[in-house]
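Trainee: Before we rely on any labels for this protein, I would like to go through them one at a time and ask what each of them rests on.

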Amino acid sequence: MSAAGNSKRGSLLVQLSPSRSAKITFTVQLILTLFWLAWAVMLLVSDNAPAKQNYLYYIFLGLALAFMLYVILQNTSVFGVQSYIEVTPEYIVQKQGVFRTKHITSIPEIETVHISPLALRITERTGSNIFLDLKQVRKKKDLEKVKNKVRELSSQFNFAITESATATN
């Protein structure tokens, strides 16, 4: 699914790019994993490997394959959209990846939203603050769609919107 949302329900789904916030980029993770796999295969096919340590090489290869699967799941949309922000009339959901929990904010519970260039700071009626990082949104157009959807919902659900001076640029 692309970044377009389901207009029938009035929801917006925007895909995130988790590798942008990683300490090591996706490309570097993939290259390191490929080296790990090559090393494990080289150990298995080498003639000078003792037979009694052979099972350790298979474990090493299995771990390399598991890590490669993790890297691919976390950073690509091969298996569907795994990292996204969804804005509907009922809630705002932020999911940072396959193995991370969803952060759900109920729209009727929102008191104020502060919109900055790359974030939304939501204050709920209970007084708790929620910070939604928008740095991982892939396209500027999608970033504006999220902000416009929140603005649209503010008039419908009567919560206040404040914006940074550079947020409107």
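Trainee: Why is R151 called partly exposed?

Mentor: This is a predicted model, and in it R151 has a relative accessible area of 22%. Buried means under 20% and exposed means over 50%, so R151, at 22%, falls in between and is called partly exposed.

Trainee: What makes R151 and E163 a salt bridge?

Mentor: The closest N and O atoms of R151 and E163 are 2.9 Å apart, and a salt bridge asks for a side-chain nitrogen of Lys or Arg within 4 Å of a carboxyl oxygen of Asp or Glu, so the pair qualifies. R151 belongs to helix 3 whereas E163 belongs to strand 8, so the salt bridge ties together parts that are twelve residues apart in sequence. E163 has a relative accessibility of 30% and therefore counts as partly exposed.

Trainee: How many salt bridges does a search of the whole structure find?

Mentor: The search finds three. One of them joins D142 to K145, with the closest N and O atoms 4.0 Å apart. Another joins E152 to K149, where the corresponding atoms are 3.5 Å apart.

Trainee: How do you know that D142 and K145 are separated by about one helical turn?

Mentor: Both residues are in helix 3 and they are three residues apart, which means a separation of about one turn. E152 and K149 are likewise both in helix 3, three residues apart, about one turn of the helix.

Trainee: Which labels do D142 and K145 receive, buried or exposed or something in between?

Mentor: D142 has a relative accessible area of 3%, under the 20% limit, so D142 is buried. K145, at 32%, lies between the two limits and therefore counts as partly exposed.

Trainee: And why is K149 called buried?

Mentor: The relative accessible area of K149 is 11%, which is under 20%, so the label is buried. Its partner E152, with a relative accessible area of 45%, is partly exposed.

Trainee: What makes strand 5 largely enclosed by the rest of the structure?

Mentor: Five of the seven residues of strand 5 are buried, so the strand is largely enclosed.

Trainee: How do you know that strand 5 is paired with strand 6?

Mentor: Pairing needs at least two bridges, and six bridges join strand 5 to strand 6, so these strands pair, and they run antiparallel. A hairpin of two residues connects them, and I110 has E124 in strand 6 as its bridge partner. Four bridges also join strand 5 to strand 8 (residues 160-163), which run parallel, and here V113 stands opposite I161.

Trainee: Which residues touch the most other members of the largest nonpolar core?

Mentor: They are I92, V113 and L120, in a core of 21 residues. Among the elements that give two or more residues to this core are strand 1, strand 5, strand 6 and helix 3, and helix 3 gives the largest share, four residues. Apart from this core lies another, of five residues, among them L37, L61, A64 and M68.

Trainee: What does V113 contact, once its neighbours within four places in sequence are left aside?

Mentor: V113 is in contact with L120, R121, I122, V150, F159, A160, I161 and T162.

Trainee: Why does T33 count as buried?

Mentor: T33 has a relative accessibility of 1%, under the 20% limit, so T33 counts as buried. T33 is found in helix 1 (residues 26-45), and, with its neighbours within four places in sequence left aside, T33 is in contact with A64, F67, M68 and V71.

Trainee: F35 also lies in helix 1, so on which side of the limits does F35 fall, buried or exposed?

Mentor: The relative accessible area of F35 is 59%, which is over 50%, so F35 is exposed. Together with I24, V28, I31 and L32, F35 makes a nonpolar surface patch of about 470 Å².

Trainee: Why does Y91 count as partly exposed?

Mentor: Y91, in strand 3 (residues 91-96), has a relative accessibility of 27%, which lies between 20% and 50%, so Y91 counts as partly exposed. Leaving aside its neighbours within four places in sequence, Y91 is in contact with E86, I104, T105, S106 and I107.

How values were computed
Residues are numbered from 1 along each chain as its sequence is written. This is a predicted model: local features need pLDDT of at least 70, side-chain atom pairs count only at pLDDT 80 or more; totals for chains, interfaces and linings use all residues. Side-chain values use heavy atoms; hydrogens and water are left out. Buried means under 20% relative accessible area, exposed over 50%, partly exposed in between (1.4 Å probe, protein chains only). Contact means heavy atoms within 4.5 Å. Patches are made of residues with over 30% relative accessible area and no salt bridge: like charges are joined within 9 Å, nonpolar side chains (Val, Leu, Ile, Met, Phe, Trp, Tyr) within 5 Å. Accessible areas come from the Shrake-Rupley method with a 1.4 Å probe; for residues, only the protein chains shown count as cover. A nonpolar core is a set of buried Ala, Val, Leu, Ile, Met, Phe, Trp, Tyr and Cys residues joined through side-chain atoms within 4.5 Å.
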